[in-house]
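Biologist: I'd like to learn how to read a fold feature by feature. Could you walk me through one?

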Amino acid sequence: MQLQEMREKILDAEFILVGLGEGFQYSWGALVQDDRYREIEREIGDNESCAWIVPFLQKMVLSREREKRWDQAYQALKVLVADKNYFVVSLCIDDYLYGAGLEEKRLVTPCGGFRMMQCDRNCAGELSKIPDETYEAVLQYYKGERPLSDLEEPVCEKCCGKLRFNQLGVSRYAQEGYLEQWNVYTKWLQGTVNKRLCVLELGVGMSYPGIIRFPFEKMVYYNQKAFLYRVHPRLYQLGEEIADRSRGIAENPVDFLASLGKGIC
Ligand SMILES: [Zn+2]
């Protein structure tokens, strides 16, 4: 009943805004269950100087295989927003969203991901490509064709500092990776004022409530034609002031999205 009502709301909406939170982040199951990866973890151990290899392995596994549970959820998302005027903001850094068949101009990932690298200190305010030779070397190491001692951590061409993936968590995060798209998003939002806007908030907790949670509530508060669905296993509560135009759903967001997609195809 609830799913049916949601599908109808989505179909009826002029604009759909989707927020994917930390609860949507890929759990790296494909990596954790991989025997060779577990062997590498043991070989690296607590050796800090080898820690840089792990995100390369994460990128590798993301480009190689995907997991059914997430595939189903993203497929459902694609089906739900198809032919609609939508925008997706995601806090996930796994880049899964970019392989979901959605239009890239309608996506923004303010926490970064694995698509570009940056100087750890962001010395020049710019991003750089992933060095092919490093990626290739890590891949060979993964396949057992090269020893760990052969691997060299990539460095910034300008200052020789560490080169890292453009993700929140580096010493000085390079916002250059998402700002342009963020501007597209804020312009898109302006177009939703007083329009039938359906907002889906999936797995958004309190890690960065200033990016998705609070602004979404505010949007729905001011737009009388907006409706907000908040799906989170624990933090699904909503304020009194938007009680008549919102619904909190206590469920796992990945499974919920997959079930929402069924039946609309
Ligand atoms: Zn640098």
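Biologist: Let's start with a single residue: does D83 count as buried or exposed, and why?

Modeller: Keep in mind that this is a predicted model. The trick is to count neighbours: a residue is exposed if 12 or fewer other C-beta atoms lie within 10 Å of its own. D83 has 7 C-beta neighbours inside 10 Å, so it counts as exposed. You'll find D83 in the loop between α5 (68–81) and β2.

Biologist: And how far is D83 from S171?

Modeller: Their C-alpha atoms are separated by 40 Å, and the two residues are 88 residues apart along the chain.

Biologist: Okay, on to sheets. What should I look at?

Modeller: Strands of a sheet pair through backbone hydrogen bonds, either parallel or antiparallel. So you ask for the strand order and the sense of pairing. Here, one open sheet has six strands in the order β3-β2-β1-β7-β8-β9, with parallel pairing. Its edge strands are β3 (107–108) and β9 (246–249), each pairing on one side only.

Biologist: Which residues face each other across β2 and β3, and over how many bridges do these strands pair?

Modeller: Strand β2 (residues 85–90) pairs with β3 over two bridges, in the parallel sense. V88 stands opposite L107 in β3.

Biologist: What about β1? How many bridges does it share with β2, and how many with β7?

Modeller: β1 and β2 pair over six bridges, and β1 and β7 pair over six bridges too. Both pairings are parallel. Follow L20 to see it on both sides: its bridge partner in β2 is S90, while in β7 it stands opposite L202.

Biologist: Is β1 enclosed or open to the outside, and why?

Modeller: In a regular strand the side chains alternate between the two faces of the sheet. That's the reason to check each face by itself. For β1, F15, L17 and G19 are buried on one side, and I16, V18 and L20 are buried on the other. Six of the six residues of β1 are buried, so the strand is largely enclosed by the rest of the structure.

Biologist: Which helix lies across β1 and its neighbours β7, β8 and β9?

Modeller: That's α8 (residues 213–222), which lies across β1 (15–20), β7 (197–202), β8 (226–231) and β9. It runs at about 155° to β7.

Biologist: What is the order in the sheet of three strands?

Modeller: That open sheet has the order β5-β4-β6, with antiparallel pairing. β5 (127–128) and β6 (163–167) are the edge strands. Strand β4 (residues 112–119) is joined to β5 by two bridges, and M117 stands opposite S128 in β5.

Biologist: Now helix packing. At what angle do α5 and α9 pack?

Modeller: For a helix pair, take the angle, the axis distance and then the residues. α5 and helix α9 (residues 253–261) pack at about 50°, with their axes 8 Å apart. That makes α5 oblique to α9. The contact includes W70, L77 and L80 of α5 and V254, L257 and L260 of α9. By class, it has ten nonpolar, three polar and one charged residues.

Biologist: How do α4 and α6 lie relative to each other, roughly parallel or roughly perpendicular?

Modeller: Helix α4 (residues 53–64) and helix α6 (residues 132–142) pack at about 85°, with axes 10 Å apart. They are therefore roughly perpendicular to each other. I53, F56, L57 and M60 of α4 meet Y135, V138, L139 and Y142 of α6. These residues divide into eight nonpolar, no polar and no charged.

Note on methods:
Residues are numbered from 1 along each chain as its sequence is written. This is a predicted model: local features need pLDDT of at least 70, side-chain atom pairs count only at pLDDT 80 or more; totals for chains, interfaces and linings use all residues. Two strands pair if DSSP finds at least two bridges between them. Helices (H or I, at least four residues) and strands (E, at least two) are DSSP runs, numbered from the N terminus. Two residues are in contact if their C-beta atoms, placed from the backbone, lie within 7 Å. Axes are lines fitted to C-alpha atoms, for helices over the stretch in contact, and angles run from 0 to 180 degrees between N-to-C directions. A residue is buried if 20 or more other C-beta atoms lie within 10 Å of its own, exposed if 12 or fewer, and partly exposed in between; C-beta atoms are placed from the backbone. Angles under 35 degrees count as roughly parallel, over 145 as roughly antiparallel, 65 to 115 as roughly perpendicular and the rest as oblique. Ala, Val, Leu, Ile, Met, Phe, Trp, Tyr, Cys and Pro count as nonpolar, Asp, Glu, Lys and Arg as charged, and the others, Gly among them, as polar.
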